[in-house]
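Ready for a few exercises? Take a look at the structure below, try each task yourself, then read on through the solution.

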Amino acid sequence: MLRYALKRLISLFISLVVASVVIFAVIEVAPGDPASFMLGVNAQEDTLAALRAELGLDGSKIQRYFNWVSGMLVGDFGTSYTYRTPVSQMIADRMWVSLPLALYALTLSTLIAFPAGIYAAARRGKPGDLTVMGATQLGIAVPNFWFAMMLVLIFAIKLRWFSAGGFAGWDKGVWTGLHSLTLPAIALALPQAAILARVMRSSLLDILGEDFMRTARAKGLSRRQALWRHGVRNALIPVLTIIGLQFSFLLAGSIIIEQVFYLPGLGRLVFQAISARDLIVVESVVMLLVFAVITVNFLVDLAYAGVDPRLRGRS
Amino acid sequence: MTKQMFRTFVSGLAVGASLFATQALAKSDITIAMQLEPPHLDPTSAAAQAIDSVVYTNIFEGLTRFMGDGSVVPGLAESWEISEDGTVYTFKLREGVTFHDATVMDAEDVKFSLDRAMAEDSANAQKALFAGIESVEVVDPLTVKVTLSEPNGNFLFNMAWGDAVIVAPESIDNIKTNPVGTGAFTFGDWVQGDSITLNRYPSYWGDQPALETATFKFISDPTAAFAAMMAEDVDVFDNFPAPENLPQFEADPRFQVLVGSTEGETILSTNNKKPPFDDIRVRQALAHAIDRQAVIDGAMFGYGTPIGTHFAPHNPAYVDLTGNSAHDPEEAAKLLADAGYEEGFETTLHLPPPSYARRGGEIIAAQLADVGIKAEIINVEWAQWLESVFKGKDYGLTIISHTEPMDIGIYARPDYYFQYDSLDAQTLMETLNATTDPDERKKLLGDMQRLIATDYVNGYLFQLAKLGVAKVGVQGLWENAPTAAIDLTQISWAE
């Protein structure tokens, strides 16, 4: 198990180094000068030069890459060009929105998908299965921002149960915070739940045909007991993979949902920073997201090994 | 529940409701939405208009200030004297003005602010406003003498800009995140990505504003803007991003729609040095090929005023020159033929993100195609636009709204991105700058407008409208936008 974990850890480290080089190169190559973006069309050449020097944009690219990486290693992500506040502070603030939102959405999607998937698998081909499958088909086909707009239309504009967007902040209480994240979390969760339910169902159906399931029934377990004790656990591997991918997606991919609900999350930060050419923010946030994705994958790999002992020997 | 209990309960509800009603009468807070979030809160070191929208006249004040109608009135300077030759301005400052940190605002602060803006390492985005200042002297704590190298009829106007507000040396280091000014509102809180809150400043030198607190919320997505307004999450949307939704607000008794004008001359900027646009006949053909009203209707849903020169129609000095570039495709085709382009030609049309450009660009490209000009549309982000179009001058045509007030002076800068190099324009602007007599200035401004219109420097499209949406009951909002500002001191709730 340890060997397996160590191997995974080394590949994690290499991925991070490669990612940092690629991110830095791609973002620095994009046209657009942060200083002239900030000072606009009437800026004079000497003013621009003064600002570039102030931002540390006058050094060589290689120098700046190493400054960036060495800073990150000690937790210093630099200072935002536009906001002039430490990037680590900005990321931490936004994290308090994005992370709970991702977890909230993931919890919702799991809570919906597991029962739905198991129910459909247990009733394969019957009307219950067809209904669930039809609903998930719809869930996959409809984009989440459309869901978002429908939710706003119904629950914010018509019923006034929720505000149309914005984030009240956690200092006003956990309930208030969760309340303002509810519509976005639902909008994010529904399409994910649809995918997850389908994976759960097909994975469970595969398992149900396995020899050990027949053995389980033969030793006297009821259908239900066999399903819960041996079926679900074995069906979890592909489901875990999907959950891992979904979490990364929810953390990084909620840009559109954050726009629709004007939430001050990571996605919107990146979006703003890209158009403002706040390169240091873009680089650091993207790097952080890469780190999160790779780490989640690493944890998922470990979780496989936990669920399936055979994987511990291999790798 | 007995009848008695029910009655008590109902009357309790009624009392509660009437209490609530009295509270509603005294409503002194407001939530104002804007599309863009300011990057920081120092108006003297960035071009972002969102900064001025939040801080101008609310947190920071200058020697002079703009009013909602575009006039320039005394701000922190109570009065001033101008020397005979127009080069020395002696400002008398108001007494009893304090910064929000309780330090006194005096002549030293004015000197500090102006010197800082002019300094070598200054990051002021409008450094040109201060270019003519030779020296700033403190005469006594309430008197400042500003000497110009040559007379400048625009000087008092220049000092009203958000880039020329008075700041204090004591608080300058943290101005970007904790702005300390002399205005009627103090900086309260900033939840980055979400909102900024300002609170009334009890020791303000002028009249106390009606509002106690104001919250600015940042909603960039047009659909979200519509939802926030409809759900009444916000009271005012400063400049509503989706003109197509306005009829819906107009029809809704809960809302009022304020249609005004901005200082934004929206133009089809033309690279005057790049062939074939170096030929005036080609530029004239462009002007006649464009149907302004179709662009306004299609891109702005009818909001906007056609212009025929680079000047705001609401300005008293405006000359209506739209007839000079009237829509006439036949004339355009003829001019192109004269210039040797019977078959038309190909060029590029760079479009920055705002909808006036993206939507307007599609329509204009179609109109140009009708006279044989094939404009390839290239969508760019702002940063790219600045880099390649504005700085690199690597473009044929582009659409942009020039939002700086009174910016006709850019036509006297041959290195400006549309590369119009005209000695006539340059001498005219020099004369104008040196003229202080209002009537004479008006005449010169008229001459300048005519010159750039008949030289067909750019395709003049329309004056960008300011589209405000507010709940019924909100009073004192600026209808026009002579500068980027949301003047909270004038805003109140109707009783």
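Helices (H or I, at least four residues) and strands (E, at least two) are DSSP runs, numbered from the N terminus. This is a predicted model, where local features need pLDDT of at least 70, side-chain atom pairs count only at pLDDT 80 or more, and totals for chains, interfaces and linings use all residues. Residues are numbered from 1 along each chain as its sequence is written, while chains are lettered from A and ligands numbered from 1 in the order in which they are written.

**Exercise 1.** Find where B:Thr57 sits, and work out whether B:Thr57 is buried or exposed.

Step one: go to the loop of chain B between helix H2 (49-55) and strand S2 (64-66), which holds B:Thr57. Step two: check the backbone, where phi of B:Thr57 is near 65°, a positive value in a residue other than glycine. Most residues other than glycine have a negative phi. Step three: apply the cut-offs, by which a residue is buried if 20 or more other C-beta atoms lie within 10 Å of its own, exposed if 12 or fewer, and partly exposed in between, with C-beta atoms placed from the backbone. B:Thr57 has 26 other C-beta atoms within 10 Å, so B:Thr57 is buried.

**Exercise 2.** Do the same for B:Met406.

Step one: look in the loop between strand S16 (397-402) and helix H12 (423-434) of chain B. Step two: phi of B:Met406 is positive, about 50°, although this residue is not a glycine. Step three: B:Met406 has 16 C-beta neighbours inside 10 Å, so it counts as partly exposed.

**Exercise 3.** Which kind of peptide bond runs from B:Pro275 to B:Pro276?

Step one: B:Pro276 lies in the loop of chain B between strand S12 (255-270) and helix H7 (280-289). Step two: read omega, which is near 0°, making the bond cis. Most peptide bonds are trans.

**Exercise 4.** Describe how chain B touches chain A.

Step one: use the contact rule, that two residues are in contact if their C-beta atoms, placed from the backbone, lie within 7 Å. By that rule, 41 residues of chain B are in contact with 44 residues of chain A. Step two: the elements giving two or more residues to this side of chain B are strand S10 (213-218), helix H5 (222-230) and helix H11 (382-391). H11(B) gives the most, with 8 residues.
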